[in-house]
Amino acid sequence: MAPSSTGDGVAEAGQGSDPIRTLIVDDHALFRRGLEIVLVTEDDIDVVGEASDGAEAVEKAGEWLPDVVLMDIKMPRSSGIEACRAIKDVAPSARIVILTMSDEEEDLFDAIKAGASGYLLKDIPLDEVAEALRAVHGGQSLISPSMAGKLLTEFASLAKRDSEEQIGRAH
């Protein structure tokens, strides 16, 4: 919905921009429905559709051009990682948030490499889901705190290895 205007082209106070067009992707129908129920109560979020696997997510993203895709990693036919890469081709402006049970470092790294803007675990409090969508839509990147710790540890390890290799080459 476009902001209302006062006639002189200025939007009235209290009116925001268009709602955040959101696509929900998860292979569990009950989980998709639960997310939809949580998000439809938000005035600034519009759930434009849902998909049950990565292949369907790519098709729907190309059709509906969502602002944000909220997607699981482990799904049949095509994983969230594969879908993330493909969605970037069909809907380049879409920001992708991985919402998963997987706390595996490899999944986190693969999601980031595939272009995800967020990586959240499904234990996120319900009232934080909408805030996460708003933040990612606004340009922020989000990672669950426990996963951020794993990411920082990996970067520190890579930096240490790199500096040891440089010292080794200098001798």
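**Close-up 1. Contacts of aspartate 107 in helix H4.** Leaving aside neighbours within four places in sequence, aspartate 107 is in contact with Ile73, Lys74, Ile81, Ser102 and Tyr119, where contact means heavy atoms within 4.5 Å. The model is predicted: local features need pLDDT of at least 70, side-chain atom pairs count only at pLDDT 80 or more, and totals for chains, interfaces and linings use all residues. Residues are numbered from 1 along each chain as its sequence is written, and side-chain values use heavy atoms, with hydrogens and water left out. Aspartate 107 has a relative accessibility of 10% and so counts as buried; buried means under 20% relative accessible area, exposed over 50%, and partly exposed in between (1.4 Å probe, protein chains only). Helices (H or I, at least four residues) and strands (E, at least two) are DSSP runs, numbered from the N terminus.

**Close-up 2. A negative surface patch.** The patch is formed by Asp103, Glu104, Glu105 and Glu106. Patches are made of residues with over 30% relative accessible area and no salt bridge, like charges being joined within 9 Å and nonpolar side chains (Val, Leu, Ile, Met, Phe, Trp, Tyr) within 5 Å. Lys and Arg count as positive and Asp and Glu as negative, while His and the chain ends are not counted. The place of a charge is taken as NZ of Lys, CZ of Arg, CG of Asp or CD of Glu. Accessible areas come from the Shrake-Rupley method with a 1.4 Å probe, and for residues only the protein chains shown count as cover. Aspartate 103 is in the loop between strand S4 (95-100) and helix H4 (105-114). With 37% relative accessibility, aspartate 103 counts as partly exposed.

**Close-up 3. The salt bridge between lysine 122 and aspartate 26.** A salt bridge is a side-chain nitrogen of Lys or Arg within 4 Å of a carboxyl oxygen of Asp or Glu. By this rule the count comes to eleven salt bridges. In the pair shown, the closest N and O atoms are 2.7 Å apart. Lysine 122 lies in the loop between strand S5 (118-121) and helix H5 (126-137), and aspartate 26 in the loop between strand S1 (20-25) and H1, so the pair ties together parts that are 96 residues apart in sequence. Both lysine 122 and aspartate 26 are buried.

**Close-up 4. Salt bridges of arginine 134.** Arginine 134 pairs with aspartate 44, the closest N and O atoms being 2.6 Å apart. Arginine 134 belongs to helix H5 and aspartate 44 to the loop between H1 and S2, so this salt bridge ties together parts 90 residues apart in sequence. Arginine 134 is partly exposed, at 22% relative accessible area, and aspartate 44 is partly exposed at 26%. A salt bridge also links glutamate 131 with arginine 134, with 2.7 Å between the closest N and O atoms. These two residues are three apart in helix H5, so about one helical turn separates them. Salt bridges that share partners join Glu42, Asp44, Glu131 and Arg134 into one network.

**Close-up 5. Surroundings of isoleucine 45 in strand S2 (residues 45-51).** Isoleucine 45 has 6% relative accessibility and therefore counts as buried. Not counting residues up to four places away in sequence, isoleucine 45 touches Pro19, Ile20, Thr22, Leu39, Ala130, Leu133 and Arg134. Isoleucine 45 and arginine 134 are 89 residues apart in sequence, and their C-alpha atoms are 8.4 Å apart in space.
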